[in-house]
Amino acid sequence: MANRHLSRSIAMQSLYEWDFKGMDMDKLDEIVKQNIEEFGPGIEETDFVKQIVNGVIKNLPKLNKIIEKSAPEWPIDQITVVDRNVLRIGLYELLLGNRKEVPPKVAINEAIELAKTFGGESSGKFINGVLGTVYREIGEPGKDE
């Protein structure tokens, strides 16, 4: 498994655990540290995991609002914890991440893969639908740069 994909998996597992356990900010760093040790033994670069987790947390209200607008028939609290956090990661990378490091289509494809790995039977399609809608609405970010 490539380092970046593994880092995204660890970030997703950490955000899932943090969300599932009540979103206690005091426990987030410990959750991330524990998940890096458990799921990424020998991973050389942990900055990407922390960048994703911190980026999602910092922009949580904005990301949740985008999810609610893009999937109006699914209130945020009715989306499964896995799908909710995969969407947050995907949207963070798509809209707020470094597009030179992670092009928009890579962000979407990685989110779909996370959903297929950790989510339910229809998670991949759901994630693809929501992120595809956002991508179409914003055009191709950074295309003119």
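**Cavity.** I began with the lining of the largest cavity, to which α3 (47–58) and α5 each supply at least two residues. The model I am reading is a predicted one. I then asked how many cavities of 30 Å³ or more a search of the whole structure finds. The search gives one. I noted the space in the largest cavity as about 50 Å³.

I listed the residues that line the largest cavity: R4, F48, Q51, Y92, E93, G97, N98, E101 and V102. By class, I entered three nonpolar, three polar and three charged residues for this lining.

**S70.** I looked up S70 next and found this residue in helix α4. Is S70 buried or exposed? I put S70 down as buried, because its relative accessibility is 15% and the cut-off for buried is under 20%. For contacts, I left aside the neighbours of S70 within four places in sequence; V130 and V134 are then the residues in contact with S70.

**W74.** I moved on to W74, which sits in the loop between α4 (60–70) and α5 (81–96). I read a relative accessible area of 39% for W74, so I entered this residue as partly exposed; that class runs between the 20% limit for buried and the 50% limit for exposed. Which residues does W74 contact, once its neighbours within four places in sequence are left aside? I wrote down I79 and F126.

**Side by side.** My last entry sets the two residues together: S70 in helix α4 is buried, whereas W74 in the loop between α4 and α5 is partly exposed.

Terms used: Residues are numbered from 1 along each chain as its sequence is written. This is a predicted model: local features need pLDDT of at least 70, side-chain atom pairs count only at pLDDT 80 or more; totals for chains, interfaces and linings use all residues. Side-chain values use heavy atoms; hydrogens and water are left out. Helices (H or I, at least four residues) and strands (E, at least two) are DSSP runs, numbered from the N terminus. Buried means under 20% relative accessible area, exposed over 50%, partly exposed in between (1.4 Å probe, protein chains only). Contact means heavy atoms within 4.5 Å. On a 1 Å grid over the protein atoms alone, a cavity is a set of points where a 1.4 Å probe fits but cannot get out, and a pocket is an open set with protein on both sides within 12 Å along at least five of seven lines; lining residues have an atom within 4 Å of a point. Grid points are joined across faces, edges and corners, and a volume is the space filled by probe spheres set on the points. Ala, Val, Leu, Ile, Met, Phe, Trp, Tyr, Cys and Pro count as nonpolar, Asp, Glu, Lys and Arg as charged, and the others, Gly among them, as polar.
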